[in-house]
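Dear colleague,

I am passing on the structure we talked about, together with some notes on what I found in it. Please have it open while you read.

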Amino acid sequence: MKHTVIGIELKNRQNEAAVLQDILTRYGCSIKTRIGLHDVAENQCAAGGIILLDVISREEELLKELSGKFNVQTMRF
């Protein structure tokens, strides 16, 4: 099975999360794994973060849509 890992940088999670979630919901059956990373302290969450996706189909469509709105990097294996 072919995999593509897509890393998505969010600079302002509060403003960008809804747009990203809408895109990811539309491609939900193509996403095998989704991991969200952000810095957190006891009383504070970081504004930015990174989402990692393991995508097994429709990679080019998803990548094109994400690239128009976010900073993305890919790795294929």
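**Strand pairing, helix packing and a surface patch**

Glutamate 9 stands opposite asparagine 71 in strand 6, and its bridge partner in strand 5 is isoleucine 50. Please bear in mind throughout that this is a predicted model.

Strand 1, which covers residues 4–10, pairs with strand 6 in the antiparallel sense over six bridges, while seven bridges join strand 1 to strand 5, again in an antiparallel arrangement. Strand 1 is also mostly covered, with five of its seven residues buried.

Helix 2, residues 59–67, has Glu59, Leu62, Leu63 and Leu66 as its buried residues. Seen down the axis of helix 2, these residues fall within an arc of 100 degrees, and they therefore line one face of the helix. This fits the general pattern that an α-helix has 3.6 residues a turn, so that residues three or four places apart point the same way. The buried residues of helix 2 pack against strand 1, helix 1, strand 2, strand 5 and strand 6, whereas the face turned away from that buried side carries the exposed residues Glu60 and Lys64.

Finally, Ile35, Leu37, Ile50 and Leu52 form a nonpolar patch on the surface, with about 320 Å² of accessible area together; strand 2 (31–37) and strand 5 (49–55) are the elements that give two or more residues to this patch. Isoleucine 50, which lies in strand 5, has a relative accessible area of 42% and is therefore classed as partly exposed.

With best wishes

Conventions: Residues are numbered from 1 along each chain as its sequence is written. This is a predicted model: local features need pLDDT of at least 70, side-chain atom pairs count only at pLDDT 80 or more; totals for chains, interfaces and linings use all residues. Side-chain values use heavy atoms; hydrogens and water are left out. Patches are made of residues with over 30% relative accessible area and no salt bridge: like charges are joined within 9 Å, nonpolar side chains (Val, Leu, Ile, Met, Phe, Trp, Tyr) within 5 Å. Accessible areas come from the Shrake-Rupley method with a 1.4 Å probe; for residues, only the protein chains shown count as cover. A salt bridge is a side-chain nitrogen of Lys or Arg within 4 Å of a carboxyl oxygen of Asp or Glu. Helices (H or I, at least four residues) and strands (E, at least two) are DSSP runs, numbered from the N terminus. Buried means under 20% relative accessible area, exposed over 50%, partly exposed in between (1.4 Å probe, protein chains only). The arc is that of the directions from the helix axis to the C-beta atoms. Contact means heavy atoms within 4.5 Å. Two strands pair if DSSP finds at least two bridges between them.
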